[in-house]
Structure formats: structure tokens, C-alpha cells
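Student: I have a model open at the bench and would like a close look at one part of it. Could you walk me through the sheet and the helix that lies on it, and set them within the whole chain?

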Amino acid sequence: EDLVENALVLGAGFLKTSWRTDHGEPYDVYNGKVIYTGDVDISVVSVFDTFYDINASSWDQLDWVEIRTIKNRWDLIEQHPKLKEDLLALPSWYEIRGPNYWFDRANENDDMVCIYECYARPSASLPKGRMIVYGDERTVIYDGENPYGMIPLEPMMPEKVQGTLLGYPKYTDLMP
């Protein structure tokens, strides 16, 4: 429902399918930390949280996509204790949006932070692609090969704007 609503109201919605190593069943304990079996994570991403080259000729021609996600700061610190100081220094989602942000003012806490995931597909210059997960220039959670071998994001655009990778929001036709 969220994907279709995003596509119709905003012109596009995106379905992200990734693997979460912090989900699933407890598998083992290593250095006092629980290791999980992992699980598939399927989520809807808004156009407001997706950055890509809108001038590409088709989605399959995109070299990279960056996605903004909102994560719990304390979960990240538990998963990446070496980055504790850097994660604590990240501004909260509420601080980034500002106190006068009209939408969803109920989320006025410091626990949620923006984490960016950038995926580059395999190419001649990056044979195994690249994936970078970060909060800011100092807080790099992962930087290495793209384990998916592709961009794990699929668009839903009911109607593309010709010559771009932007979707036309069909809902605006109902406005008059």
C-alpha cells in the first residue's frame, strides 16, 4: 500500500530488498556479542530519501543510487562499538528536520539518526561494484564490494516523465 501510494502521490516509490545481519534467529555468541542468522529486509523508500541521476535513460542504466534511512543510534552503537563516539556525534533526525517541521512532530527524540547507503553497480571501473554505508564523513559503517552485485532498489513509476527518471504523480490529475 505504501509503495503504491508513494507512486501515485509522489510520482515514484521504491522497493528496497536487502539482507540484515542483525535480524533473524540467534546463531552464536562471539566476543560477547550475539550473532544472528540474518534475514531479508523489504522496505518502501520515498522519493525524498532516494538520490540518483534523474537524467539516465533507464533505471537499468543507473551507475549508482543513494538511499537515506533512519536508524536507532543505540542499536548502531551496539552493532559497531568502535564507532561509538562518531555515532553519538551524529545529529538526530529531529535536529536535521528542524523544530518547525510540520510533518510528524511526535518524533522529537535524539535516538534516530540518518544513515546513508550508496550502491554502485558492477562496471568496468568497479568490477564488483561498491557499497558504502555511512552517517557522515567520519562515521563509515561499511565500505567495500557491493554484495548484491546490483542496486537492490526497484522503482515503481506509474508514468515516467519523458527523457528523465522522474515519475509523474498521477494523483495531481485529480486535484482540479
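Tutor: Among the contacts in the protein with a separation of 6 or more, 52% are made by residues 24 or more positions apart. Please keep in mind that this is a predicted model. Of its 176 residues, 35% count as buried. The accessible surface comes to about 11200 Å², and carbon and sulfur atoms account for 54% of that surface. Taken along the principal axes, the C-alpha atoms fill a box of roughly 60 × 45 × 30 Å. The protein has 4 helices and 10 strands, and along the sequence they follow the pattern α-β-β-β-β-β-β-α-α-α-β-β-β-β.

Now to the part you asked about. The sheet is an open one of 3 strands, in the order S4-S1-S10, and the pairing is antiparallel. Strand S4 (39-45) and strand S10 (153-156) each have a single partner strand and stand at the edges, so one side of each is left without a neighbour in the sheet. Direction ignored, neighbouring strands here are turned by 20° against each other on average. As a general reminder, strands of a sheet pair through backbone hydrogen bonds, either parallel or antiparallel.

Look next at where S1 meets S10. Strand S1 covers residues 13-20, and 4 bridges join S1 to S10, with the two strands running antiparallel. To find this pairing on your screen, start from lysine 16, whose bridge partner in S10 is leucine 153.

Serine 18 is also in strand S1. Is serine 18 buried or exposed? Its relative accessible area is 7%, and because buried means under 20%, serine 18 counts as buried. Leaving aside neighbours within four places in sequence, serine 18 is in contact with Asp39, Val40, Asp41 and Tyr148.

Helix H1 (residues 2-10) lies across S1, S4 and S10, and runs at about 145° to S1. Which residues of H1 are buried? They are Leu3, Asn6 and Ala7. Seen down the axis of H1, these buried residues fall within an arc of 95°, so they line one face of the helix. The general rule behind such a face is that an α-helix has 3.6 residues a turn, so residues three or four places apart point the same way. In this model, the buried residues of H1 pack against S1, S4 and S10. After H1 comes glycine 11, which has a positive phi, near 95°.

Between S1 and S4 in the numbering there is a hairpin to look at. Strand S2 (residues 26-30) pairs with strand S3 (residues 33-36) in the antiparallel sense, over 4 bridges. One of the paired positions is valine 29, with valine 34 as its bridge partner in S3. The hairpin has 2 residues between S2 and S3, and asparagine 31 in the turn has a positive phi of about 50°.

To set the sheet within the whole chain, let's turn to the helices that follow. Arginine 73 lies in helix H2 (residues 73-79). At 5% relative accessibility, arginine 73 is counted as buried. Not counting residues up to four places away in sequence, arginine 73 touches Leu87, Leu88, Ala89, Leu90, Pro91, Ser92, Asp110, Asp111 and Val113. The C-alpha atom of arginine 73 is separated by 32 Å from that of methionine 157, 84 residues apart along the chain.

Leucine 88, one of the residues that arginine 73 touches, lies in helix H3 (residues 84-89). Leucine 88 has a relative accessible area of 34%, which makes it partly exposed. With residues up to four places away in sequence not counted, leucine 88 touches Arg73, Trp74 and Ile77. The C-alpha atoms of leucine 88 and aspartate 60 are separated by 37 Å, with these positions 28 residues apart along the chain counted as their spacing.

Finally, a word on the cysteines. How many disulfides are there? The count comes to 0. Cysteine 114 is in no disulfide, and the nearest cysteine sulfur, that of cysteine 118, is 15 Å away. Cysteine 118 is likewise in no disulfide. The cut-off for a disulfide is a pair of cysteine sulfur atoms within 2.5 Å. Cysteine 114 is buried, with a relative accessible area of 4%.

Terms used:
Residues are numbered from 1 along each chain as its sequence is written. This is a predicted model: local features need pLDDT of at least 70, side-chain atom pairs count only at pLDDT 80 or more; totals for chains, interfaces and linings use all residues. Side-chain values use heavy atoms; hydrogens and water are left out. Two strands pair if DSSP finds at least two bridges between them. Axes are lines fitted to C-alpha atoms, for helices over the stretch in contact, and angles run from 0 to 180 degrees between N-to-C directions. Contact means heavy atoms within 4.5 Å. Buried means under 20% relative accessible area, exposed over 50%, partly exposed in between (1.4 Å probe, protein chains only). The arc is that of the directions from the helix axis to the C-beta atoms. Accessible areas come from the Shrake-Rupley method with a 1.4 Å probe; for residues, only the protein chains shown count as cover.
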